[in-house]
Amino acid sequence: LDHTSIPHLVVMAQYRAEKSGINAEVQQKLEELYDVDLEHECRTWMESVTGEQFPEADPEVMNEIDKDIKGKEFHVALKDGVYLLKLIKSLNPDTNIIKRIPSVPPSHKRPFQQRDLIQHFLDACIEYGVPRDNLFETEDLHSAVNMNMVMNTFISLGSTAQKNGYDGPAFGPKISDKNIREFDEETLREGKLVIGLQMGSNMGATQSGMTPYGLSRQIYDPKV
């Protein structure tokens with residue numbers, strides 16, 4: 001067997017290895033949850049941020065995927081990692097993670113290079129402030145294991161961009177800033193007085209509604 005054909009076989013195998021039993025059920029449910037309309041919105045946002053058209057999916061790779069999964073074209077177009085690097089570099093030009101973006105995307109016959117670029121994107125997202133828990137795993141995208149998690153990462157990236165002051169197009173909910181309040185001395189004294197009065201009387205007091213130690217209180221805000 002010619003060693004040059006091995007990467008191609010690896011690419012084919014990652015799509016043609018059918019899941020069975022519980023794994024198949026889980027995969028099916030994930031695919032059913034995939035939001036195609038949200039994908040289109042994400043594409044538009046990416047194009048606005050990068051100033052470049054969303055890449056076309058490689059027809060050869062598309063033909064290698066037997067199953068017609070939701071997000072198939074989206075997955076194939078992004079799996080080489082290049083457009084991802086352009087996206088994060090556009091949002092954070094000063095990133096220390098991405099030194100150079102390949103002018104030619106690595107071929108699908110070089111999956112290890114593609115995975116490396118995806119990992120660089122994820123590392124740059126962490127550097128930019130995207131929470132680790134909101135990031136997909138490399139194989140979620142490269143092998144289309146969980147495209148919902150991939151979309152979740154882009155939503156979180158869009159929200160982080162807004163928080164970081166990016167004034168371009170928005171994607172994802174805006175993250176609220178911490179509401180840090182500073183009080184003058186007079187206000188603090190009044191606060192201590194109120195607390196003192198409360199401590200001075202326990203008539204009719206019970207432990208009803210008290211929160212157990214170690215648990216946060218659930219506060220209802222009618223404005224939310």
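How closely do the axes of α6 and helix α7 come, and at what angle do they cross? To find out in this predicted model, begin by selecting residues 111-128, which form helix α7, together with α6; their axes come within 8 Å and cross at roughly 20°. Since angles under 35 degrees count as roughly parallel, α6 and α7 are therefore roughly parallel to each other. If you turn the view so that one helix lies in front of the other, the crossing of α6 and α7 is left-handed.

Next, show the side chains where these two helices meet. On α6, select V82, L84, L85, I88 and L91, and on α7 select L117, I118, H120, F121, A124, C125 and Y128, for these residues make the contact. Sorted by class, the contact of α6 with α7 holds 11 nonpolar residues and 1 polar residue, with no charged residues.

Now keep α6, which spans residues 82-91, and add helix α9, residues 147-163; this pair packs at an angle of about 15°, and the axes lie 11 Å apart. With the angle again under 35 degrees, α6 and α9 are therefore roughly parallel to each other, and their crossing is left-handed.

To see what joins this second pair, select L84, L87, I88 and L91 on α6 along with F154, L157 and A161 on α9, which make the contact. The contact of α6 with α9 consists of 7 nonpolar residues, with no polar and no charged ones.

As a last stop, select L84, I88 and L91 of α6, which are among the residues that touch α7 and also among those that touch α9.

Definitions and conventions
Residues numbered from 1 in each chain as written. Predicted model: local features only at pLDDT ≥ 70, side-chain atom pairs only at ≥ 80, totals over all residues. Heavy atoms only, no water. Axes fitted to C-alpha atoms, helices over the stretch in contact; angles between N-to-C directions. Helix = DSSP H or I, 4+ residues; strand = E, 2+ residues; numbered from the N terminus. Parallel < 35°, antiparallel > 145°, perpendicular 65-115°, else oblique. Left-handed = near helix turned anticlockwise from the far one by under 90°. Contact = heavy atoms within 4.5 Å. Nonpolar A, V, L, I, M, F, W, Y, C, P; charged D, E, K, R; others polar.
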